[in-house]
Structures are given as structure tokens and as C-alpha cells.
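Me: I have a structure open and want to learn how to read it. Can we go feature by feature?

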Amino acid sequence: MPAPATAQRVRDVVEPLVSAAGLVIEEIEVVRAGKASVVRILVDLEEDAEGGLDLEDVAEVSQAISDALDAAAVVGGEHTLEVSSPGVGRALTERRHFTRARGRMMTLTRTDGSTLRGRLDDVDRTAPDAAELVLIPETPGLKGRPPKVGAPVRVPLAAVREGRVEVEMGRLAEVSDDEDDDAQDATSAGQES
């Protein structure tokens with residue numbers, strides 16, 4: 001029986017395919033499940049990519065990964081491949097995570113254990129291997145009042161243990177209303193022509 005695959009052996013085979021698709025590997029896990037193995041690969045967009053990772057991109061890279069793993073026989077015996085993207089609840093730990101989260105409300109946990117909550121305004125590269133996060137502190141307003149916005153705070157990325165994006169239900173409603181207004185405007189414009 002072939003030796004079980006290791007995450008590094010899987011990475012060596014699939015990383016070129018993932019990179020060619022304009023994605024990066026966040027994590028690889030290979031676990032035994034009885035006589036079979038489960039290979040879990042978490043992929044995300046590159047740092048400068050715009051928008052989000054859609055299911056079509058994940059499906060395409062998943063098929064390429066499956067074919068490559070089968071051809072290289074890296075995972076001996078039966079196996080299940082699970083390719084997914086990180087969800088909103090994941091911990092942000094790298095500069096590229098924060099770069100893609102600009103404009104989002106988040107809570108930073110610093111290396112000293114303290115926390116800071118606010119909207120991520122920018123990720124400023126202070127040096128090629130260093131960065132600072134520019135966070136604008138924001139506390140919710142009481143009873144429907146606007147939030148209180150503070151002065152920008154610069155936090156060196158090296159002083160951040162992790163960041164967590166907060167889901168803003170009110171902003172989802174605002175975006176939905178804006179999209180409805182845009183659709184109405186487009187419908188009205190189409191009727192005028």
C-alpha cells in the first residue's frame with residue numbers, strides 16, 4: 001500500500017496549477033478517513049485581485065487539481081478532494097488578507113492582546129517587507145444615530161495577531177437598496193429610449 005500523501009507533496013503538485021489560475025493556496029490538509037484520504041485545499045484570490053472568488057473559478061481549479069493529483073498518484077488509494085475558498089469568518093493574518101478587506105469593518109487583535117475595532121481604510125506599505133494598517137475607529141451610534149468616527153490609527157502589521165471582518169447587516173441592506181435603485185434607473189432609462 002502506498003504511503004499516505006503529505007500536505008507538502010500535494011502542494012508541490014498543485015501549486016503551479018493554482019498560481020496559473022490567478023489564485024493562491026491558503027491551506028492544505030490531508031487526513032485519513034478509514035481506508036480513504038480526504039484532501040482539503042483552501043484557495044483565495046491574489047492580493048491585487050478585485051472582487052470575490054466565484055464558484056466557477058473554484059470549480060475550474062478543482063477539476064485541474066483533481067486531474068493533477070490523479071496523474072501524479074500523490075494520494076494513494078481512494079480519496080475525496082475538497083476545494084473551497086475562505087469564508088468571511090476566517091482570521092486575517094497576512095498583508096494580502098488585509099489588502100482585500102479594505103473598506104470593511106473589523107476587529108484587530110494586537111500581539112499584546114489588546115483589540116481595536118474600526119473600518120480598514122488602507123494598507124500602507126512602509127517598506128517592501130513591512131506594512132501598516134490604517135484603521136478608522138468607529139463605534140455604533142445609539143438608537144439609529146450615525147456611528148461615531150474617530151481619527152485614523154496606524155497599526156504596524158507586525159503588531160497584529162489577527163483581524164476579523166465583521167458582517168454589517170445594515171450595510172447589506174444599503175447595498176441591496178442601491179442595487180434596487182440602479183436596477184430601477186436602468187429600467188426607467190430603457191423605457192425612455
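Reply: Start with contact, which means heavy atoms within 4.5 Å. Keep in mind that this is a predicted model.

Me: Which residues does E132 touch, leaving out those up to four places away in sequence?

Reply: E132 touches D122, V123, D124 and T126. It also touches R154, V155, P156 and L157. E132 itself is found in strand 6, residues 130-139.

Me: Which side chain forms a polar contact with that of E132?

Reply: The side chain of R154 does, at 2.7 Å. R154 is also on the list of residues that E132 touches.

Me: Now the sheet. How do I read strand pairing?

Reply: Strands of a sheet pair through backbone hydrogen bonds, either parallel or antiparallel. Here, 3 strands form an open sheet in the order 1-2-3, and the pairing is mixed. Strand 1 (23-33) and strand 3 (79-84) each have a single partner strand, so one side of each has no neighbour in the sheet. From one strand to the next, the twist averages 15°.

Me: In which sense do strand 2 and strand 3 pair?

Reply: Parallel, over 6 bridges. Strand 2 covers residues 36-45. For one bridge, find R40: its partner in strand 3 is E82.

Me: What packs on the sheet?

Reply: Helix 1, residues 7-20, touches strand 1 and strand 2. Its direction makes about 145° with that of strand 1. Helix 2, residues 55-72, lies across strand 1, strand 2 and strand 3. Helix 2 runs at about 150° to strand 3.

Me: Last, how do I look for pockets?

Reply: Rolling a probe the size of a water molecule over the atoms shows where empty space is left. The largest pocket here holds about 360 Å³ of space. Of its 15 lining residues, P86, G87, R90, R100 and R104 are the closest to its centre. The lining divides into 6 nonpolar, 5 polar and 4 charged residues.

Definitions and conventions: Residues numbered from 1 in each chain as written. Predicted model: local features only at pLDDT ≥ 70, side-chain atom pairs only at ≥ 80, totals over all residues. Heavy atoms only, no water. 1 Å grid on protein atoms, 1.4 Å probe; cavity = no way out; pocket = protein on both sides within 12 Å on 5 of 7 lines; lining within 4 Å. Points joined across faces, edges and corners; volume = space filled by probe spheres on them. Nonpolar A, V, L, I, M, F, W, Y, C, P; charged D, E, K, R; others polar. Helix = DSSP H or I, 4+ residues; strand = E, 2+ residues; numbered from the N terminus. Polar contact = N/O pair within 3.5 Å; in protein donor to acceptor, adjacent residues only side chain to side chain. Pairing = 2+ DSSP bridges. Axes fitted to C-alpha atoms, helices over the stretch in contact; angles between N-to-C directions.
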